[in-house]
Amino acid sequence: MVEDCHRARRSPGTPPKIVVSSNGATIAQFHSQPAFRKSLLQADVIDADGMPLVIASRLFCSRPLQERVATTDFIHTASEAAVANGLKFYFLGAKPGVAEEAARRLRHKHCGLKIVGIRDGYFRASEEKGICEEVQDSGADVLWVGLGSPRQERFAVEHRDDLRGVGWIRTCGGLFDHTAGAVPRAPQWMQDHGLEWLHRVRMEPRRLAWRYLTTNPAAAFHLVTKTHD
Ligand code: UDP
């Protein structure tokens, strides 16, 4: 992230890298929605944000994934690196006020962290170009986009060229809600055993039960039949 952002500053004509996360729902959507598949294939980095992916790689690959990269953990590593290297963040997404609270908590924890712009995720398609201009004008190095899937991936791919000068567009789902404390994380043992999704269903049953019920079986099928070196 640091290298890419420094490179983007040196040659501001370069489009940003797109960094996304994958979990069970992502895998299911990848195989059922051609438009989403197309967006995801344009990403430069795809993190494994789910223990099932790590477990599948341990079972079927000679060089398994070393660990899960949860965006809710990565934001802290990224914030430390940003403070140490003078990088600036822009937060785009979530309901009004949520990303502000997430920013407040992060600044408190990571003294000197520069979050140079914040905007909620409820806007019309016609406003998107203006938002990109605002991000560019802010001088942000990393744009965190938490609009939910598949909207955030489409936004990243469609506006990559409008965001030249930014080093990374980092999709982040419900990160702002988690960081603002609106949705508590699962206990560590559940995270370690690939059960965070079960905790999330318990916290938000109406929204997530249907999602997991429809995507988990498909994700399990694709992980078992398609994971290889
Ligand atoms: N969201 C948004 N704009 C929208 C729809 C959703 O900013 O038009 C936000 C929503 O407020 C929440 C996040 O996107 O913060 C939803 O992410 P979700 O929980 O679906 O992400 P995931 O479960 O994929 O991490």
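## Ligand contacts

Which atom of the ligand has a polar side-chain atom of R200 at 2.9 Å? In this predicted model, the partner of the R200 side chain is an oxygen atom of the ligand. R211 likewise places a polar side-chain atom 2.9 Å from an oxygen atom of the ligand. A backbone contribution comes from G121, whose polar backbone atom is 2.7 Å from a ligand nitrogen atom. On its own the ligand has 540 Å² of accessible area, and the protein covers 80% of it.

## Ligand surroundings

The ligand is surrounded by 15 residues, of which A94, G121, Y122, R151 and D177 come nearest. Classified by type, this shell consists of six charged, six polar and three nonpolar residues.

## Backbone at A94 and P150

A94, one of the nearest residues to the ligand, belongs to the loop that links β3 (88-93) with α6 (98-109). Its phi is near 75°, a positive value in a residue other than glycine. Most residues other than glycine have a negative phi, and most peptide bonds are trans. A94 counts as buried because its relative accessibility is 8%, below the 20% cut-off.

A further backbone feature is the cis peptide bond between S149 and P150, with omega at about 5°. P150 is located in the loop between β5 (142-146) and α8 (151-158).

## Helix α11

Helix α11 spans residues 196-203, and its buried residues are E196, H199 and V201. The elements covering these buried residues include α10 (188-192) and α12 (205-226).

Terms used: Residues numbered from 1 in each chain as written. Predicted model: local features only at pLDDT ≥ 70, side-chain atom pairs only at ≥ 80, totals over all residues. Heavy atoms only, no water. Buried < 20%, exposed > 50% of the residue type's maximum accessible area, 1.4 Å probe, protein only. Helix = DSSP H or I, 4+ residues; strand = E, 2+ residues; numbered from the N terminus. Contact = heavy atoms within 4.5 Å. Near = heavy atom within 4 Å. Polar contact = N/O pair within 3.5 Å; in protein donor to acceptor, adjacent residues only side chain to side chain. Areas by Shrake-Rupley, 256 points an atom, 1.4 Å probe, with all protein chains shown as cover. Nonpolar A, V, L, I, M, F, W, Y, C, P; charged D, E, K, R; others polar.
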